[in-house]
Amino acid sequence: MKNLIIAANWKSNKTKEEARIWIEEFSQFEIPENIEVIILAPYTLLDMLSAYIKVNSLKIKLGSQDISPFDHGPYTGEISSEQIKEFADYVLVGHSERRSNLGESNDMVNKKIEKAKKAGLKEIVCISGLEQAKSLSSDDLILAYEPPGSISTSGPNAKPKDPKLVSDFVLKLKEFRNGNILYGGSVNHEDVKTYTSLDNINGALVGSESLNAKAFVDLIKNAS
Ligand code: PGA
């Protein structure tokens, strides 16, 4: 069976109490051997979630949704790689919402990758096209292909990408990139397998459908 990474991108959602209810429900489910589940949670939830995972010996990895491009020091509002590393193993970098809402450039993405590497975090880097992939300074990354217009929150016409087009894109990506590639963009429990069964796709980055524990469990069950 193919090994898969299924990452939940909670974005700017969930209070501590909501996250506690989610993890209590989700942890009743036994995660299949071949699936690595990663929760990309808001910074405010990392402490509580990491403690819960540890105490209950859960097979769940944690990640943050961003990282400071600086070392620790006088950078008001930033969270440094070593602060994240206390709670998490992964970091999401370059999500299209950050690129468009906050003007995050390819250069900034590379600075963040450099800091993540220094702290021993594993990076999931979002790309929406080949140019963004070509601009990455490291080859040792998990890439998440999230086509513009396919992310559920990008507007009323958002729809998952035609799997054939995802396959075509990933083939071009493979000409110059190694490593795992996830697909993201409106993935749900009904269509997840359409993507995870594609050659060269190693999992999914899931936004909206990951907010509900039951829907996320169904998605994981259907992924392989
Ligand atoms: P979506 O979000 O699954 O709600 O489309 C995916 C993402 O933005 O990472």
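Visitor: In which hand, right-handed or left-handed, does α1 pass α2?

Guide: This is a predicted model, and in it α1 passes α2 in a right-handed crossing. To place the two helices in the sequence, α1 covers residues 16-26 and α2 covers residues 43-55, and their axes come within 10 Å and cross at roughly 25°.

Visitor: Why are α1 and α2 described as roughly parallel to each other?

Guide: Angles under 35 degrees count as roughly parallel, and the axes of α1 and α2 cross at roughly 25°; α1 and α2 are therefore roughly parallel to each other.

Visitor: Which residues of α1 and α2 meet?

Guide: From α1 come K16, A19, R20, I23 and E24, and these meet L45, M48, L49, Y52 and I53 of α2. Sorted by class, the contact of α1 with α2 has 7 nonpolar and 3 charged residues, with no polar ones.

Visitor: How do α1 and α9 cross, and at roughly what angle?

Guide: The axes of α1 and helix α9, which spans residues 213-223, come within 9 Å and cross at roughly 40°. That makes α1 oblique to α9, and the crossing of these two helices is right-handed.

Visitor: Which residues of α1 meet α9?

Guide: W22, E25 and F26 are the residues of α1 that meet α9, where their partners are A213, K214, F216, V217 and I220. By class, this contact of α1 with α9 has 6 nonpolar and 2 charged residues, and no polar ones.

Visitor: Where is the place of L58, and what does L58 touch?

Guide: L58 sits in the loop between α2 and β3, the latter being residues 60-64. Leaving aside residues up to four places away in sequence, L58 touches I23, S27, Y52 and I53. I23 and Y52 are also among the residues through which α1 and α2 meet. As for P156, L58 lies 98 residues from it in sequence and 37 Å from it in space, C-alpha to C-alpha.

Visitor: Turning to empty space, what is the volume of the largest pocket, and which residues lie nearest its centre?

Guide: The general idea is that rolling a probe the size of a water molecule over the atoms shows where empty space is left. In this structure the largest pocket has a volume of about 340 Å³. Its lining is made of 18 residues, with K11, S12, Q65, D66 and R98 nearest the centre. Helix α4, residues 96-101, gives the most to this lining, with 3 residues, and by class the lining has 6 nonpolar, 7 polar and 5 charged residues.

Visitor: How many residues line the second largest pocket?

Guide: The second largest pocket holds about 150 Å³ of space and is lined by 14 residues, of which S152, S186, V187, G207 and S208 lie nearest its centre. The classes in this lining are 4 nonpolar, 7 polar and 3 charged residues.

Notes: Residues numbered from 1 in each chain as written. Predicted model: local features only at pLDDT ≥ 70, side-chain atom pairs only at ≥ 80, totals over all residues. Heavy atoms only, no water. Axes fitted to C-alpha atoms, helices over the stretch in contact; angles between N-to-C directions. Helix = DSSP H or I, 4+ residues; strand = E, 2+ residues; numbered from the N terminus. Parallel < 35°, antiparallel > 145°, perpendicular 65-115°, else oblique. Left-handed = near helix turned anticlockwise from the far one by under 90°. Contact = heavy atoms within 4.5 Å. Nonpolar A, V, L, I, M, F, W, Y, C, P; charged D, E, K, R; others polar. 1 Å grid on protein atoms, 1.4 Å probe; cavity = no way out; pocket = protein on both sides within 12 Å on 5 of 7 lines; lining within 4 Å. Points joined across faces, edges and corners; volume = space filled by probe spheres on them.
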